[in-house]
Amino acid sequence: MPSRLTYADAVRLLGGAGPLVSLADTLLGGALSLATAGGSEVALSFFDAKGEVIRLGHQVATTLNDRVRGLGRYDRTQRLHAAHGVLVVTAFFEAFDDCLGEAGWDVPGLSREDQLRLAGTASTGDWMERLVSESLPMPSADRTYDRLLAAVGRWAQPLAVKLATHLTGLAAWDRAGENRQLTVESLLGTRLPALATERYDASVRRLAVEIPEFAFWMRQTEERATARGLAALETELLRVSSRTDPARQRAVLAAVYRADLDRPVLGGDTGDLAVPHRQDAYLDPVFRVRQGGTGARPAADDWWSEVEPRGDLAGFLAAYLTTPAAAEVPMLLLGQPGAGKSTLTKVLAARLPAADFLVVRVALREVNAEAAIQDQVEQALRSAIGEDVSWSGLAGEANGAMPVILLDGFDELLMTTGLHQSDYLQQVVDFQRRETILGRPVAVMVTSRVAVADRARMPGGSLVVRLEPFTEEQIGQWAGIWNRANPDFRQLTPAGLHRFPDLAAQPLLLLMLALYNATGPGLPHDDEDFDEGLLYERLLTEFAAREVGRVHDGRPESALPALVEEELLRLSVVAFAMFHRMRLWVTTTELDADLAGLGLQPSRTAATAGFRTPITAGEEMVGRFFFIQRAEALRDDRRLQTYEFLHATFGEYLIARLVVHAVRDAAARAAARTLRLGQAEEDELLRSLLGFTPLTARNNVLSFAAAMLGREDTPALRAWLVDRLRVATTRPHHAPGTYQPVDRRADHWMAIYSFNLMLLTVACGTPLSTVELYPDAPDPARILRDSALQWQAACPIDLWLDSFRRVSVHRRWTADGRLDFALEWGVTLVADAGVDPFWSHGSGHDPQSRARRYQPGTGFGGYFELDLAVTSMNLTSALSDDVLRHALGPFIDHLPQSLTHFIVHDQDDTESVAHSLVHLWLTSALREGPVLAEAYQRAVLAVTGFAWSPHLRATAITGPAVTVVLRMLAGDVDRLPPATVLDLIGRIRDSPYYSAELHAGLVGRCLRGTGGTDPSGDVQR
């Protein structure tokens, strides 16, 4: 945790002297002097301390500016924080004087007797020790000024209560009179904390006029979500700059960073387009900030929901860099890929005044991943200014400038090296602690993408900052900057960007949209009918065509479309490489293996110079694409790389694109075959791609696929898919190929392959029935049900359940009495339509035959042994089964047969006894009137009819069910018509399951509620 500041610490830091400091030293040493009857010197009394505090506070307020002028950055920060602590305690005692004045109690100098009584009271020493040694409320970058004021009030409250008790030991208190005593006690307990807060606020506001740091802490810097390039941060920090000239190496380093502001936000050849410079195009992001530490979950969105977004990044950083905590624990700066984390570190390095800050930006991808932090810093210094620099020498000659180290790309260490780096932030803390001891306190910021943030152990007291997507206002401002830089090209409009908020809200993706809009077909407007997948197709094709034209310069125009398609094919393999490994990134080694497994080689032979290793297919493939982000790290002198799409939707679209192209290609091959001997191999690519991971593993893959499948050739594609699905579920076949992105059991591979074929078939839009799949099967639903059990076993439970967000399942009968399923795309069910027990038991498909076989009051059931079914559920251990079984546990324990036996109410209406009882219980609790009476009618029929099998018609089994109904009826008798109650009782009395021994008492309660009599004579009124 960051070190705390006490009043005694503050006084010493400011160089204070006098009796208060002596008292602080004595108290902290544990040797408070007590007066004795012999007349030894008395310790400083409370009122002496009060006067000393107020005197020192006034002195600090009037001389602070002179005290800190000319100090180095960190020394100045320490002095100002100490002064702030003194102001807090001063405000408390000034508020105490205000309370005494308001009560009309003038306390003159204390008598010898009062001083002895104060010094001899243990509580006096306790109170004074608490005053000088307790942590004070202090400003911090994540604490708003309102919260700081509230903290001052909370700090003052217990001290005020203790002070009221402290005063009762004075002789002056005894002379004050009861009314004045009550007034003083009331004011101290209720008014003093608020008055202290007001006094503190007034002091801080006065100092903020001449000392800018107090304004930083009060958040008085302008909050603008549309500020650019952290210019406001530089402006504010220059107000408190020492204006000293930096030494040569520090000056060169600052110049290198400063020059980066004048570079375009996108390098490379952009033709006639004018790409804005970083200082113009970089907009200060909206952000959220929270304290880290044990239990922090920065990768989870709900963890951030407790804090509001802020738009004052410049003010926040100014406050952070002027608080001592910056040199004690690192700040973790998080963002999505393309959110601008690295750019923020570049702009920050350029904006911090070189006179007051020694900034070193360390791109972790460019330094040894396993090196110590100091070595990483020195490697970055050599890379930046081209000469060997000793960190200790550079920091030791900083001449008061505060070192700030920006460690950019912690996530790249995690993803590329595979090393366990969870203690990296603790290594930073240890580095900061050592540097502080050596007189070189250093602030450290570490950047990482959000997704891997939980893999780092957060030091206590650290701040975690998450960059938020652009707001609509920021998107509009950035578009204006772009349009002004490129007036001769198609202009970016809010209407065009509004269609794609997820892309436009990320800075790098917004730049990609701007390039596409300027040089491609242009973004659609709100009134255009436009498929989102079509945008991705155009974006990807446009950028692929640009690369093809550059790489294959000189090739004939007619050859370019095929080369573009090859590029997109390779990109799709990149997407599948991430997809099958269930993560958003892939290493070069993994990608090379996947490309080789599918027979894909580099698009051209790589030229090498000297002894340089030729680039691999993976490096050649993805290293040049704008929308793929590369992470790098050095380990054992080897450069390790991983790749990730700037937005996951690019990968999702490419997956769907390749799958649909493979389906279309396979269907065309099958249609072109005229001789069919042996097994067809037209689906080889599809079999390679679809057997490892369910297509539901990513949110948008199936949606994109459905849109592509819904074109003019859909019937032919669907017919081919139905045929393939039929073969895959009835004659599954597995022949391992060279493409093996992940290890998968053979049975799971076959199940996932057929499952994905089902999803694609349903995504064509026409409902799929089991009769269509297996037209000659006597029980087609059973074949698909057995396949579904295999699908469920092969799929992770979350992916299995996610499938039914898009696919609905309907049970039905065929005309010839077979059970049938219909699977339909795009129908989301709010709730299950319910179970048809006739369908489940496979009986009575024809209403007329059902009416002849099942009369109202008859029943069926008991086709399986419940205890064996429960045992089998223990083995399968499906979470959904366990949850439902847990809910039905009371029935299993007390009325097990009620779950397996069904009563017929009408030819289309049957339900289990348990269903009737639960329905009655909920209706009794939630409904009134005829609905309640109907629920009792159904429940009585269930427990008295012929749902029970003959061998179960024993009172010991059926009696408890009757008891349940009667107990509920006794409680509801006044809510039902008397005639209805008497009718229900009569039906129960006439059933073979009624037992006078078990049920007569309950019947009597019901009758007494209606005023009726028992005609059987079993019950007396």
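1. A cavity is a set of grid points where a 1.4 Å probe fits but cannot get out, and its lining residues have an atom within 4 Å of a point. Keep that in mind for the next two points. The structure above is a predicted model.

2. How many cavities of 30 Å³ or more does a search of the whole structure find? The search finds two. Take the second largest cavity, which holds about 70 Å³ of space. Its lining consists of L313, F316, L317, M331, L333, L344, T345, L348, L406, M445, T447 and V465.

3. Now look at where that lining comes from. Two helices, α15 (313–321) and α16 (341–351), each supply at least two residues of the lining of the second largest cavity. So much for the helices. The strands β2 (331–335) and β5 (443–449) each supply at least two as well. By residue type, the lining has 10 nonpolar residues, two polar ones and no charged ones.

4. Turn to the sheet with six strands. This open sheet has the order β1-β6-β2-β5-β4-β3, and its pairing is mixed. Which strands are at the edges? They are β1 (287–291) and β3 (357–363), and each pairs on one side only. From one strand to the next, the twist averages 20 degrees.

5. Next, follow the edge strand β3 to its partner. Strands β3 and β4 (residues 402–408) run parallel and are joined by seven bridges. One pair to find on screen is V360 with its bridge partner I405 in β4. Helix α17 packs on this sheet and touches both β3 and β4. The direction of α17 makes about 95 degrees with that of β3.

6. Helix α17 (residues 373–385) also meets helix α20 (residues 424–437). Their axes come within 10 Å and cross at roughly 85 degrees. Angles from 65 to 115 degrees count as roughly perpendicular, so α17 is roughly perpendicular to α20. On the α17 side, the contact is made by I373, Q374 and Q376. On the α20 side, Y424, Q427, V428, F431 and R434 take part. The residues of this contact divide into four nonpolar, three polar and one charged.

7. A second region to check is the open sheet of three strands. Its order is β10-β12-β11, with antiparallel pairing. Why is one side of β10 (768–769) and of β11 left without a neighbour in the sheet? Both stand at the edges, and each has a single partner strand, so one side of each has no neighbour there.

8. Look closely at β11 (residues 807–813) and β12 (residues 819–825). These strands run antiparallel, and seven bridges join them. H810 stands opposite A822 in β12, and V809 stands opposite L823. The hairpin has five residues between the strands. In this hairpin, G817 takes a positive phi near 90 degrees.

9. Finish with the helix on this sheet. Helix α33 (residues 746–763) lies across β10, β11 and β12. Helix α33 runs at about 70 degrees to β12.

How values were computed. Residues numbered from 1 in each chain as written. Predicted model: local features only at pLDDT ≥ 70, side-chain atom pairs only at ≥ 80, totals over all residues. Heavy atoms only, no water. Axes fitted to C-alpha atoms, helices over the stretch in contact; angles between N-to-C directions. Helix = DSSP H or I, 4+ residues; strand = E, 2+ residues; numbered from the N terminus. Parallel < 35°, antiparallel > 145°, perpendicular 65-115°, else oblique. Contact = heavy atoms within 4.5 Å. Nonpolar A, V, L, I, M, F, W, Y, C, P; charged D, E, K, R; others polar. Pairing = 2+ DSSP bridges. 1 Å grid on protein atoms, 1.4 Å probe; cavity = no way out; pocket = protein on both sides within 12 Å on 5 of 7 lines; lining within 4 Å. Points joined across faces, edges and corners; volume = space filled by probe spheres on them.
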